[in-house]
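Biologist: I should like to go through this model term by term. For each label, please state the rule behind it and then show how the value meets that rule.

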Amino acid sequence: MLIRRPPDIPTREITDERLFWGRREWLASVGLGLAGSTVLARVAKAAAARGDDLTPTSYDWVTGYNNFYEFGTGKDDPKRYAGTLRPRPWSVSVEGDVKKPAVYDLDDLFKAMKPEERIYRHRCVEAWSMVAPWLGYPLKDVIKRLEPGPKAKYVEFVTLLDPKQMPGERESVLDWPYVEGLRMDEAMHPLTLLTVGVYGKPLPNQNGAPVRLTVPWKYGFKSGKSIVKIRFVEKQPMNTWQLAAPNEYGFYANVNPTVDHPRWSQAKERPLGQFFKKPTLMFNGYADQVASLYAGMNLRTNF
């Protein structure tokens, strides 16, 4: 077994001592820091109670196999290179048609709110999936606190633009910064989270630290990471992947196994860490909760 000693570890992979202690204080303030075995036990119990196939994907897979092009296009690039991201201190700018626009310190944005742990499926268009116990704040509660105005029909989310921290942004693979958006009723749905942790720990950099969006009935690219701006707008935002490949990626990105991606089938998926594929579920298994949002819509046209 290879044991990495301090002289063998690159400086970029060593957490700054001030950041380490800051995270510990933040963990205590939001009730994180639970032992991994305790979290796993609670996750397994909750999944069994619902009768769902929500066996948690291992922490190593969840944090080691990611799409986060700001750190490279390879699945292991985010874990390898995301040590350059500085997730504390962090602020989020709130803009647009809203009564309380401001630049908020992340902790102030969630002040007096209690985080919730949610066990969600997460599916990517490349036909792989995972199940993770995310911890975050319902987006609807944050929106209510900010008091959007009558013209706020959509919510736009913008990721950090800083090539020094995010070396993948030096490449022109996408039009930076990364932008995503939700219709207001999607943003206000109880399943939608602003996520700050996973497996009882703060989000690792490669998973979108310190705050990301989690929308479990949509493909993973809708869940913008390392968010620095939330805008309340009247017109539907043009998201990053729509700009990059409009024939392949639409605004809604609802998981729909009956509509194939132009280059592969969406009918089946392979859970990370498993060999066999399984059928992809409509709306990623959340049809009972979210199908009513799209009543009357053509989900082949609105993909």
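Modeller: A nonpolar core is a set of buried Ala, Val, Leu, Ile, Met, Phe, Trp, Tyr and Cys residues joined through side-chain atoms within 4.5 Å. Buried means under 20% relative accessible area, exposed over 50%, and partly exposed in between (1.4 Å probe, protein chains only). This is a predicted model, in which local features need pLDDT of at least 70 and side-chain atom pairs count only at pLDDT 80 or more, while totals for chains, interfaces and linings use all residues. Residues are numbered from 1 along each chain as its sequence is written, and side-chain values use heavy atoms, with hydrogens and water left out.

Biologist: Which residues touch the most other members of the largest nonpolar core?

Modeller: They are Phe-110, Leu-194, Trp-217 and Phe-232, in a core of 59 residues. Strand β4 gives the most to this core, with 6 residues. Another core lies apart from it and has 11 residues, among them Val-125, Leu-174, Trp-241 and Val-255.

Biologist: What makes a residue a contact of Phe-232, leaving aside its neighbours within four places in sequence?

Modeller: Contact means heavy atoms within 4.5 Å. By that rule the contacts of Phe-232 beyond those neighbours include Val-94, Ile-143, Leu-146, Tyr-154, Val-155 and Met-184. In the chain as a whole, residues 24 or more positions apart account for 69% of the contacts with a separation of 6 or more.

Biologist: Why is strand β4 described as largely enclosed by the rest of the structure?

Modeller: Strands are DSSP runs of E of at least two residues and helices are runs of H or I of at least four, both numbered from the N terminus. The run called β4 covers residues 128-138, and 11 of its 11 residues are buried, so the strand is largely enclosed by the rest of the structure. For the setting, the chain has 9 helices and 12 strands, and 50% of its 303 residues count as buried.

Biologist: How do you know that β4 and strand β3 pair, and in which sense, parallel or antiparallel?

Modeller: Two strands pair if DSSP finds at least two bridges between them. Strand β3 (residues 116-124) and β4 have 9 bridges, in the antiparallel sense; Arg-123 stands opposite Ser-129 in β4. Their hairpin has 3 residues between the strands, and there Ala-127 takes a positive phi near 75°.

Biologist: How many bridges join β4 to strand β11, and how many to strand β7?

Modeller: 2 bridges join β4 to β11 (residues 268-271), and these strands run parallel; Ser-129 stands opposite Pro-271 in β11. Between β4 and β7 (residues 193-198) there are 5 bridges in the antiparallel sense, and the bridge partner of Tyr-137 is Leu-194 in β7. Leu-194 was also named above among the residues that touch the most other core members.

Biologist: What makes a space a pocket, and what volume has the second largest one?

Modeller: On a 1 Å grid over the protein atoms alone, a cavity is a set of points where a 1.4 Å probe fits but cannot get out, whereas a pocket is an open set with protein on both sides within 12 Å along at least five of seven lines. Lining residues have an atom within 4 Å of a point. The second largest pocket holds about 410 Å³, a volume being the space filled by probe spheres set on points joined across faces, edges and corners. Its lining has 27 residues, with Asn-67, Phe-68, Gly-220, Phe-221 and Lys-225 nearest the centre. The largest share, 3 residues, comes from β4.

Biologist: Into which classes do the lining residues of that pocket divide?

Modeller: Ala, Val, Leu, Ile, Met, Phe, Trp, Tyr, Cys and Pro count as nonpolar, Asp, Glu, Lys and Arg as charged, and the others, Gly among them, as polar. The lining divides into 14 nonpolar, 8 polar and 5 charged residues.

Biologist: Why do Tyr-199 and Asn-239 count as buried?

Modeller: Tyr-199 has 5% relative accessibility and Asn-239 has 0%; both values fall under the 20% limit, so both residues are buried. Tyr-199 lies in the loop between β7 and β8, and its phi is near 55°, a positive value in a residue other than glycine. Asn-239 lies in the loop between β10 (227-233) and α8 (240-244). Beyond its neighbours within four places in sequence, Asn-239 contacts residues including Val-179, Glu-180 and Phe-221. Phe-221 is also one of the residues nearest the centre of the second largest pocket.
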